[in-house]
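New notebook page, new structure. I'll put the chain up first and then jot down what I look up.

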Amino acid sequence: MKYNNLRTLVLSATFMPVEIFPDLLTISVKDAVTNYLNGTCEVVEFYDIPILSNGKPIEHKTKGVLFWPSVIMYKAYQKQNINTRLTRENLYYRDHFCCQFCGDPLTIKNTTMDHVIPKSKGGPKNWMNIVASCDECNKQKGDSLPNGRWKPRNKPYIPTFYDLLEIRKKQPLVVDHESWIPFLPKWESEIIVRGQKPVEAKDAFANDNETAEVEELVSA
Ligand SMILES: [Zn+2]
């Protein structure tokens with residue numbers, strides 16, 4: 001890896017993140033610079049981390065030291081992905097991160113999809129017949145019908161993208177840099193700024209041509 005591990009937040013032309021659910025869309029800082037180079041995006045915010053070439057910050061005649069972008073904005077409108085297919089992750093959010101039988105908290109990883117009307121009794125695999133379950137309840141329930149303790153705590157429903165986003169907001173959002181925060185929607189839970197640990201490579205770009213391109217682009 002010749003580059004550092006910094007990520008850049010990607011905004012649509014409306015100054016809103018291109019993707020927010022289940023997580024923010026980010027790209028590598030190098031890709032962000034490339035997009036800037038080819039004219040598809042503008043840089044909105046920078047990290048305090050200079051772009052190095054031969055171990056030294058790239059210095060531009062008029063702009064001074066060049067920094068890695070922390071937020072970019074596409075010039076063209078980007079369509080938001082508002083897909084709410086039945087996936088384990090989407091189910092985890094719809095069912096408020098809890099097993100619908102015992103109520104224990106789940107993680108995305110240990111969420112299982114449980115058929116309310118068992119598969120063996122003709123229960124389909126769709127939003128109306130699937131609930132989030134811990135592994136233990138899923139195994140214990142087996143072919144039982146949804147009676148007594150096997151009645152889901154919340155009635156299954158088909159969620160919209162905005163339903164899922166509102167539930168997602170009840171969980172912390174981790175961001176890489178404080179410069180991202182002004183572009184986020186109002187968040188119910190806390191926003192955590194991850195400590196930056198950039199692995200600064202000696203040379204940000206593979207060759208002198210690329211470095212020259214970057215100097216040129218930032219001077220434009
Ligand atoms: Zn359970």
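What percentage of the 220 residues in the chain is buried? I get 27%, calling a residue buried if 20 or more other C-beta atoms, placed from the backbone, lie within 10 Å of its own. Note to self: this is a predicted model, where local features need pLDDT of at least 70, side-chain atom pairs count only at pLDDT 80 or more, and totals for chains, interfaces and linings use all residues. Residues are numbered from 1 along each chain as its sequence is written.

Next, the elements. I find five helices and 12 strands in the chain; these are DSSP runs numbered from the N terminus, with at least four residues for a helix (H or I) and at least two for a strand (E).

On to a sheet. I see four strands in an open, mixed sheet, in the order S2-S1-S8-S3; two strands count as paired if DSSP finds at least two bridges between them. Why do S2 (26-28) and S3 (41-50) each have one side without a neighbour in the sheet? Both stand at the edges with a single partner strand, so that side is left free. From one strand to the next, the twist averages 30° (axes are lines fitted to C-alpha atoms, for helices over the stretch in contact, and angles run from 0 to 180 degrees between N-to-C directions).

I looked at one pair more carefully. S3 runs antiparallel to S8 (residues 67-74), with six bridges, and Phe-46 sits opposite Pro-69 in S8.

Then the helix on this sheet. H1 (residues 29-37) packs there and touches S1 (7-11), S2, S3 and S8; a contact means C-beta atoms, placed from the backbone, within 7 Å. The direction of H1 makes about 60° with that of S8. I list Val-29, Lys-30, Ala-32, Val-33 and Asn-35 as the buried residues of H1. Just after H1, Gly-39 has a positive phi of about 80°.

Now the inside. The largest nonpolar core has 34 residues, a core being a set of buried Ala, Val, Leu, Ile, Met, Phe, Trp, Tyr and Cys residues joined through C-beta atoms within 7 Å. Which element gives the most to this core? I find S8, with four residues. Leu-9, Leu-11, Ile-72, Cys-99 and Ala-132 have the most contacts inside the core.

Last check: Cys-99. Leaving aside neighbours within four places in sequence, I see Cys-99 in contact with Asp-104, Leu-106, Ala-132, Ser-133, Cys-134 and Cys-137.

Note on methods
Contact = placed C-beta atoms within 7 Å. Buried ≥ 20, exposed ≤ 12 C-beta atoms within 10 Å, placed from the backbone.
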